[in-house]
Amino acid sequence: MSVGLAGLGLGFVGSIFQGIAGRNTAKYNADVAKNNAKARQQQGDYEADLQRRENERSIGRQQVQGAKSGATLSGSLLDSLAKSAGEGQQEVDAINYGTTLDVNAQKQQAKQFKNEAKSSIFSSVLSGATTLFTGIQQQKPNKPNPNSAKPNPNSALAPNPYAKSWLGNSWTPKKIGY
C-alpha cells in the first residue's frame, strides 16, 4: 500500500512539474510572438517609408519632365502630380494597413500564449490532485457495504448446507454456512 501511495505522490509531483514546463513554454512562445509583432511593425514602418520616398522621387521626376517641356505647375501637370501623390499615399496606406493586421495577429497570439501559461499550472495541479485522490480512494481496503443485499437462504442459488463431499467411494454430509 505504501508503494502505491508513493507512486501516486510521484505522479502528483510529476504533473506539477509538467505544468511548470508547460507554463514556461507558453511564456516563451508569448515572448516570441511579442518580438515578432515588434519586428513586423518595424518592417512595415520601413516599407512605408521606402514607398513615401519612391512617391517623392516619382513626383520630382514628373516635375522635372514638366519643367523641361516648359509647362508650369498648373492645369494638367498639377492634376497629374496630385493624382500621383494620391496614388502613392494609397500604397503607403495599404502597407500600413497590412502591417497593422499582422501586428495585431501577433499580439493576439501573444495573449493566447499568456493565457495558456496561466492555466497550465492550474490544470496540471487539478489533474494531479484528481489522480492522487482517485488513487488514494482505490488504495483503501474495501469495507462491506451495509446497503448491499445479503444472500437469501431460500434462493435456488443458495448453497446446500448438506452438500455431499465425495472422497473416493464414501460420502459424508457437510454443512456449509455463512
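**Exercise 1.** Place Gln51 in this predicted model and decide whether Gln51 is buried or exposed.

*Solution.*
Step 1. Gln51 sits in helix α1, residues 2-68.
Step 2. Its relative accessibility is 17%. Buried means under 20%, so Gln51 counts as buried.
Step 3. Set aside neighbours within four places in sequence. Gln51 then contacts Gly88, Glu91, Val92 and Ile95.

**Exercise 2.** Find what Asp102 pairs with, and state which helices the pair ties together.

*Solution.*
Step 1. Asp102 forms a salt bridge with Arg40; the closest N and O atoms are 2.8 Å apart.
Step 2. Asp102 belongs to helix α2 and Arg40 to helix α1, so the bridge ties together parts 62 residues apart in sequence.
Step 3. Check exposure. Arg40 is buried at 18% relative accessibility. Asp102 is partly exposed at 34%.
Step 4. Set this bridge in context: the structure holds five salt bridges.

**Exercise 3.** Trace the salt-bridge network that includes Glu54.

*Solution.*
Step 1. Glu54 bridges Arg57, with the closest N and O atoms 3.1 Å apart. Both lie in helix α1, three residues apart, about one turn of the helix.
Step 2. Glu54 also bridges Arg61, at 3.2 Å between the closest N and O atoms.
Step 3. Join the pairs: Glu54, Arg57 and Arg61 form a network.
Step 4. Grade exposure. Glu54 is partly exposed at 32%, Arg57 at 43% and Arg61 at 44%.

**Exercise 4.** Locate Lys114 and name the positive patch it helps form.

*Solution.*
Step 1. Lys114 lies in helix α2, residues 75-139.
Step 2. Its relative accessibility is 41%, so Lys114 counts as partly exposed.
Step 3. Lys107, Lys111, Lys114 and Lys118 make up the positive surface patch.

How values were computed. Residues numbered from 1 in each chain as written. Predicted model: local features only at pLDDT ≥ 70, side-chain atom pairs only at ≥ 80, totals over all residues. Heavy atoms only, no water. Patch = residues over 30% accessible without salt bridge, like charges linked within 9 Å, V, L, I, M, F, W, Y side chains within 5 Å. Areas by Shrake-Rupley, 256 points an atom, 1.4 Å probe, with all protein chains shown as cover. Salt bridge = Lys/Arg side-chain N within 4 Å of Asp/Glu carboxyl O. Lys, Arg positive; Asp, Glu negative; His and termini not counted. Charge placed at Lys NZ, Arg CZ, Asp CG, Glu CD. Helix = DSSP H or I, 4+ residues; strand = E, 2+ residues; numbered from the N terminus. Buried < 20%, exposed > 50% of the residue type's maximum accessible area, 1.4 Å probe, protein only. Contact = heavy atoms within 4.5 Å.
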